[in-house]
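Reader: I am new to reading protein models. Could you walk me through a few features, one at a time?

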Amino acid sequence: MFLFYQTQRLRIYASACISRYRFFRTLFARKLLPMGWGSIYKRRMKVFTLAIVIYLDYKTLLLREKWTKKSKRDDLWENAHECNAKRVLNLIVELEGLWVKLGQYLSTRADVLPPAYIRLLKQLQDSLPPRPVEEVCQTINRELGKSMDELFFNFDNIPLATASIAQVHRATLHDRQEVVVKVQHEGIKEIILEDLKNAKSIVDWIAWAEPQYNFNPMIDEWCKEAPKELDFNHEAENTRKVSRNLGCKSNNDDNISRVDVLIPEVIMSAERVLILEYMDGVRLNDSESLQALGVDKQKLVEEITRAYAHQIYVDGFFNGDPHPGNFLVSRAPPHLPILLDFGLTKRLSPTLKQALAKMFLASAEGDHVALLSSFSEMGLKLRLDVPEQVMEIANVFFRTSTPAKEAPQLMKAFAEQRNRNLKTIQEKMKLNSKQVKRFNPVDAFPGDIIIFSRVINLLRGLSSTMDLRIVYVDIMRPFAESVLQDHVNRGPAFNANWIHDTPPLSDVENKLRRLLIELGNADKVLGIQVCAYKDGEVIIDTSAGVLGRYDPRPVQPDSLFPVFSVSKGITAGMVHWLVDKGKLNLEEKVENVWPEFGSNGKDKIKVHHVLNHTSGLQNALASLTRENPLLMTEWDECLNYITETAPETEPGREQLYHYLSFGWLCGGIIEHASGKKFQEILEEAFVRPLNIDGELYIGIPPGVESRLASLTSDMDDIAKLSEITKRSELPSSFQSQLQDPSQMASALPAFFNTLFARRSIIPSANAHCSARALARYYAALVDGGAIPAPHSSSTQPPLGTHSHIPKFSSPKTSKKRKSSNKANYTRVPSDDTTLSSTTSVANGGPTNDEKLFTNSRIHDAFMGAGEYENLTLQGGQFGLGFKRSCSEDGKLIGFGHSGMGGSTGYCDINNRFSIAVTLNKLNFGGVTAKIMQLVCSELNIPLPADFYRFGERITGDESNIAVPLIN
């Protein structure tokens with residue numbers, strides 16, 4: 001009913017427009033209005049009238065279709081397409097100007113438009129009615145200041161082609177050089193500018209009638225770029241520049257920069273006349289001539305695509321109008337493509353060029369994080385968080401082209417996908433059916449990528465028109481990779497800004513930066529952050545390198561790095577925090593807190609067994625996650641699986657590294673003991689008190705993608721993983737995964753780079769943090785929970801200034817737990833009140849708001865020392881959740897936790913020293929070891945034995961190869 005009334009309303013509006021047009025036509029005939037103004041008004045009224053007529057025709061057709069037999073519906077639509085295509089063609093031929101450009105563009109979109117439009121509109125590519133030769137000669141004489149006889153030995157009065165802005169004649173100069181002369185139509189400039197205004201008005205109207213189709217950013221870009229085509233001096237310079245960039249006049253055989261295309265040489269130019277070298281060729285859409293010459297059309301279009309990929313990604317300067325009329329194919333072998341008409345070009349800034357390359361590669365690799373990051377970098381903003389749908393759209397944009405005959409089926413699939421996406425948006429935004437159809441998910445669309453989008457669509461339309469299948473991912477990928485790798489591979493030796501420009505805080509930081517430069521030049525560092533505290537003050541806060549293999553943006557102090565098992569040290573701290581608040585007891589059975597856990601022989605497992613890696617569940621979920629890694633991203637499913645597993649060894653008997661299960665075991669305990677979500681406790685316990693908002697997550701929220709570092713592997717180091725597969729202290733399931741190091745080195749970063757993994761709660765492996773946030777966490781731990789003074793580094797933005805706060809689902813109501821004789825403590829409330837304001841510690845003492853922990857023996861608790869020693873396995877390397885660190889003489893000096901690949905968090909208790917290292921090029925720990933050796937040596941504090949022995953291993957001793965990995 002709504003559609004009926006809307007159609008009726010538009011019919012009335014259309015009738016009014018037609019009546020108004022007739023009224024003003026009468027005024028013009030009687031000379032009551034100036035003819036110049038009248039001509040402009042007539043063009044505008046014709047355009048608006050046709051737009052409304054076609055819109056109403058299709059709207060009415062949607063209604064008629066419901067009462068038409070299925071067998072006749074196709075004929076109904078075909079007749080409508082034929083009729084409306086003729087209307088469009090006739091008006092374009094009459095109006096010329098900008099509308100010819102639009103028609104040329106539409107004529108190439110065989111991948112999306114009905115055949116009737118393609119068949120009729122392709123006439124616009126080069127066969128418009130010519131202007132009189134007298135007008136042409138007058139323009140040439142006026143622009144070049146010479147007569148035709150002075151300029152040419154011979155001039156052909158019949159044009160080779162006539163297009164929207166100009167027509168082209170063949171001529172011969174007095175030195176007998178064959179040339180073509182491009183002459184702009186008289187009065188076309190005024191027409192183009194007026195047509196832009198009309199197009200803008202139509203777009204505004206469409207945005208009002210159908211808000212989901214808001215093309216204003218596109219028409220705004222056209223209004224900015226189209227007038228540049230009217231200056232042929234500008235086109236001449238563009239032609240020379242593209243020719244130089246593509247090496248058309250050189251013999252450079254560089255495999256990436258060499259493109260086999262031809263571009264005519266510029267002979268002479270003026271504002272409205274352009275003389276170019278004549279090249280003998282046939283039209284790209286002349287199938288018979290191409291067949292007679294034996295041209296390989298597939299190879300031909302692939303080379304054209306390569307030429308545009310080079311212009312976009314390598315040069316950042318490209319022709320924005322690749323329709324068939326702007327190409328020839330040379331008659332002489334090897335029948336190379338000839339590129340014409342460089343009036344409409346686009347220059348990309350280095351930042352935008354990198355973002356476009358990143359978007360392409362992210363789409364090719366299915367990397368949601370990189371895709372959303374590229375959108376952020378180019379200024380494209382969305383109104384809602386739908387990464388899956390965004391990836392689908394990107395894949396459609398860079399999809400393989402298909403022959404025109406497959407277009408109807410393809411468009412049907414797109415329509416079905418769009419309906420599914422609309423349903424997702426409707427559910428996410430809680431919109432009704434009417435609202436969702438008018439909802440535009442794009443909040444900001446950068447005009448700079450409009451011409452880029454047009455080129456990609458024109459290239460796809462070109463291949464579809466020629467019935468070719470072009471795999472754009474394969475052709476364009478090397479060019480996109482080259483622009484990013486050129487910047488990424490520019491290490492310290494070639495990049496003066498490789499280290500973030502922040503004043504050093506100490507002499508040791510100066511020496512550290514020199515070390516990082518050495519490591520960067522040796523290709524051991526891609527991106528890295530190092531932050532350290534000494535006696536409560538920041539002495540190191542350095543960021544260096546780039547965010548990823550395909551992300552040449554510099555690492556910033558607030559960049560977020562995935563740190564693998566460093567997560568365990570944070571998760572363990574959360575368990576100790578609940579113990580300190582009286583919500584948990586280390587000697588309590590887990591089933592008392594988490595009733596479902598006690599099945600299958602797990603009734604004897606206590607909280608301290610989990611923290612000490614002695615629960616016997618070291619291989620829990622390993623087989624399931626190996627078969628289906630995505631299972632790790634399902635928090636509730638993983639907790640359920642944990643409750644169903646059985647221990648392999650008796651609790652407390654053997655210490656085996658719980659490399660994955662540790663996180664879910666602790667996570668289940670945390671949620672059931674607190675009655676709150678895991679991430680809520682992380683925020684409450686550490687993030688807000690330490691003022692590190694936005695720089696420490698376990699499971700990132702939407703909106704931080706642009707700050708994420710991407711993982712890659714140092715293959716030289718990773719190859720050594722096979723040497724540790726038989727070490728007894730590693731779980732059997734972990735040993736089996738190390739049998740093929742190269743596969744692991746590629747699969748591990750790929751999985752943890754995905755948005756699914758990054759957004760998931762995997763407390764043993766997917767914390768994302770900056771080094772300064774992690775160092776501040778350990779600085780608080782080394783002082784027994786005392787919160788350090790505000791971060792004193794001058795790095796920008798200041799730590800804790802990110803306003804982004806993650807949203808959590810409503811807290812679960814945990815089942816009532818069993819009574820325990822081990823402790824007396826207050827239950828955490830199930831509402832949103834904070835623990836610190838509603839609870840008291842077990843001994844009834846007051847809560848100290850200046851400290852994270854009130855237990856004076858919290859260090860012993862972390863390390864399993866003193867009165868907590870009986871809760872750990874004697875001689876084991878783990879305390880209660882943290883890795884114990886000893887000096888070379890065996891003295892216990894501190895604790896921390898490292899992660900696979902080299903990231904680490906560590907603190908030395910006696911020396912009030914804490915340090916954090918985050919990096920994105922996964923290695924076997926050598927980079928971190930060198931950093932630790934330098935810093936500890938300069939500060940004259942003991943080096944943890946693990947790093948000392950690892951330092952020896954770097955020089956050839958392989959005996960301790962597993963130590964940093966297990967950390």
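Reader: Let me start with one residue: is Thr 305 buried or exposed?

Author: Good place to begin, and keep in mind that this model is predicted. A residue counts as buried when its relative accessible area is under 20%. Thr 305 has a relative accessible area of 1%, so Thr 305 is buried.

Reader: Where does Thr 305 lie, and which residues does Thr 305 touch, leaving out those up to four places away in sequence?

Author: Thr 305 is part of helix 12, residues 297-315. Setting aside those sequence neighbours, Thr 305 touches Ile 470, Tyr 472, Ile 475 and Met 476.

Reader: How do I read the way two helices pack, say helix 14 and helix 15?

Author: Look at the angle between their axes; 65 to 115 degrees counts as roughly perpendicular. Helix 14 (residues 368-378) and helix 15 (residues 387-397) pack at about 80°, their axes 10 Å apart. That angle is why helix 14 is roughly perpendicular to helix 15. Helix 14 brings His 368, Leu 371, Leu 372 and Phe 375 to the contact, while helix 15 brings Pro 387, Glu 388, Val 390, Met 391 and Ala 394. By type, these contact residues are 7 nonpolar, 1 polar and 1 charged.

Reader: Why might residues a few places apart in a helix point the same way?

Author: An α-helix has 3.6 residues a turn, so residues three or four places apart face the same way.

Reader: And what can I say about helix 26, residues 661-674?

Author: Check length, then surroundings. At 1.5 Å a residue, the 14 residues of helix 26 should span 20 Å, and its end C-alpha atoms are 20 Å apart, which agrees. Of its 14 residues, 14 are buried, so helix 26 is largely enclosed by the rest of the structure. Just after helix 26, Gly 675 has a positive phi of about 75°.

Conventions
Residues are numbered from 1 along each chain as its sequence is written. This is a predicted model: local features need pLDDT of at least 70, side-chain atom pairs count only at pLDDT 80 or more; totals for chains, interfaces and linings use all residues. Side-chain values use heavy atoms; hydrogens and water are left out. Axes are lines fitted to C-alpha atoms, for helices over the stretch in contact, and angles run from 0 to 180 degrees between N-to-C directions. Helices (H or I, at least four residues) and strands (E, at least two) are DSSP runs, numbered from the N terminus. Angles under 35 degrees count as roughly parallel, over 145 as roughly antiparallel, 65 to 115 as roughly perpendicular and the rest as oblique. Contact means heavy atoms within 4.5 Å. Ala, Val, Leu, Ile, Met, Phe, Trp, Tyr, Cys and Pro count as nonpolar, Asp, Glu, Lys and Arg as charged, and the others, Gly among them, as polar. The expected span of a helix is 1.5 Å times one less than its number of residues. Buried means under 20% relative accessible area, exposed over 50%, partly exposed in between (1.4 Å probe, protein chains only).
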